[in-house]
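This report describes a single protein chain, from one buried side chain outward to the sheet and the core. The sequence and model come first.

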Amino acid sequence: MKIDLSAPLYETLKKASSEYISLKNSGEFEAAKQKAGDIAKIYRQLAEMNPANRTENLKRAAKWESEARGTLAKPKPQNSSEEEREEDELTEKVEALLTKSTVKWSDIGGMERVKQLLMETVVIAGLKKPDSIKPWKGILLFGPPGTGKTLLAAASAGSLDASFYDVKTESILSKYFGESSKLITALYNSARDHSPSIVFIDEFDSLSPSRDGEASEASRKVLSTLLTELDGLGDKNSNRLLLTLAATNTPWDLDTAVLSRFPRRIYVPLPDAESTEAIIKLHTKGLDITNVNLENISGKCVDMLYSGRDLSNFCQQAVWNMIHDSNPDLYKLAEMPFEKLSQKSLKTRPLYDDDFIEGWKRIKSPLTHDTIERYEQWNSQCGES
């Protein structure tokens, strides 16, 4: 079994980069230099672990070592230095989004058809193939909130052992005019450097609203830059894998030009009865559920329009009912030192149907049948169907 030892390093790199920016912005320059030295060591470790990106990682290590010493490789004109500093700062911001996903397909309950479509996509991306067969550059995941779109993206990266950029729109939208466009460019430059890469953009509709309505000049500039990067003109004849996965709960709000860059549009629906049963088993793993009528419970959850997130909360409610019943004086242990507390075990018992009843009272879906019908209609017109 192959163990990915680089994943913790990417998490450490993400944290160290964020701390470096914070220290530098607060004027703690000596502490920032020490943090730069730590970052340089991480890049050297990554260079040893990942031969494919060895040269690039060593180059970045040298840059951070120079930063830690407080010196530049060679003097440059003032304007050039300012431009380089700005570029470095933008790179630091986007590389703080870089991580390694440890999520695997088996971590996702149900959704077999959706998983199969994504699996096919990542498999084709990695196989040797005729020049006329091109991997997908952009995939749009759309559907109701809480259906597992982020988890699917993480599993896609985890299965490929690819660099994973988990992008929230607020992390690349800036109040300064023009900086958002530069951040998007820096994001894709970094993704090319660390390929194979998957860029996952959540709440994609807030980054690329339709241009049919009114939009500011800044918003248009951001959208124009995004379209250029999604086009990937510089990657047309490259063997590098750079796949953009975007997620939205409102696909009908997306700009038509953006949609054309996402030829594969996959509907991630609410779980059906079979998927619901698989999700419940996943969230009650390690507990005895032999006395639970999963078929009846799953059917009622489908009727209540539960998403994957709702099902997680629903199962948690059932588990807590069992915990309270088995440990009526649990709160009294709060005064015990952690060292002693960690030597005790939580009492459990098998779960029963009655444990889930309270969950139906507390967990309410915000969705309606009309909303689901709108998703299905958009899917039939614009999606994979």
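The side chain of D355 reaches the backbone nitrogen of Y352 at 2.8 Å, a polar contact, that is, a pair of N or O atoms within 3.5 Å, in which, within protein, one must be able to donate a hydrogen and the other to accept it, and residues adjacent in sequence count only if both atoms are side-chain atoms. This is a predicted model, in which local features need pLDDT of at least 70 and side-chain atom pairs count only at pLDDT 80 or more, while totals for chains, interfaces and linings use all residues. Residues are numbered from 1 along each chain as its sequence is written, and side-chain values use heavy atoms, with hydrogens and water left out.

**Helix α14 and helix α10**

D355 belongs to helix α14, residues 353-362; helices (H or I, at least four residues) and strands (E, at least two) are DSSP runs, numbered from the N terminus. D355 counts as buried because its relative accessibility is 5%. Buried means under 20% relative accessible area, exposed over 50%, and partly exposed in between, with a 1.4 Å probe and protein chains only. Leaving aside residues up to four places away in sequence, D355 touches Q317, A318, N321, M322, R349 and P350, where contact means heavy atoms within 4.5 Å.

The buried residues of α14 are D355, F356, G359 and W360. They cover an arc of only 145 degrees around the axis, which puts them on the same side of α14; the arc is that of the directions from the helix axis to the C-beta atoms. An α-helix has 3.6 residues a turn, so residues three or four places apart point the same way. Exposed residues D354 and K361 are carried on the face of α14 turned away from its buried side. The buried residues of α14 pack against α11 and α12.

In helix α10 (residues 273-283), the buried residues are S275, T276, I279 and I280. Viewed down the axis of α10, they fall within an arc of 140 degrees, so they line one face of the helix. Their cover includes α11 (294-303) and α12 (308-326). At the start of α10, a side-chain oxygen of D272 comes to within 3.3 Å of the backbone nitrogen of E274.

**The sheet**

The chain has 15 helices and six strands. Six strands form an open sheet with mixed pairing, in the order β1-β3-β4-β5-β2-β6; two strands pair if DSSP finds at least two bridges between them. The edges are β1 (98-100) and β6 (264-267), each with a single partner strand, so one side of each is left without a neighbour in the sheet. From one strand to the next, the twist averages 25 degrees.

The table lists four parallel pairings in this sheet.

| Strands | Bridges | One bridge pair |
|---|---|---|
| β3 (163-168) and β4 | six | V167 and I201 |
| β4 (197-202) and β5 | five | V199 and T244 |
| β2 (138-142) and β5 | five | L140 and A246 |
| β2 and β6 | four | I139 and R264 |

How many residues of strand β5 (residues 242-248) are buried? Seven of its seven residues are. L242, T244, A246 and T248 lie on one side of β5, with L243, L245 and A247 on the other. Both faces of β6 are covered as well, with R264 and I266 buried on one side and R265 and Y267 on the other.

Two helices can be placed against these strands. Helix α5 (residues 112-126) packs on the sheet, touching β2, β5 and β6, and its direction makes about 155 degrees with that of β6. Helix α7 (residues 179-193) lies across β3, β4 and β5, running at about 150 degrees to β4. Axes are lines fitted to C-alpha atoms, for helices over the stretch in contact, and angles run from 0 to 180 degrees between N-to-C directions.

**The nonpolar cores**

A nonpolar core is a set of buried Ala, Val, Leu, Ile, Met, Phe, Trp, Tyr and Cys residues joined through side-chain atoms within 4.5 Å. The largest has 54 residues, of which L140, V167, Y188, V199, F204 and L226 touch the most other members. Not counting residues up to four places away in sequence, F204 touches L140, L226, A246, A247, L254, V258 and F262. A second, separate core of 24 residues includes W105, I108, A154 and A247.

Over the chain of 385 residues, 44% are buried. Among contacts between residues at least 6 apart in sequence, 81% join residues at least 24 apart.
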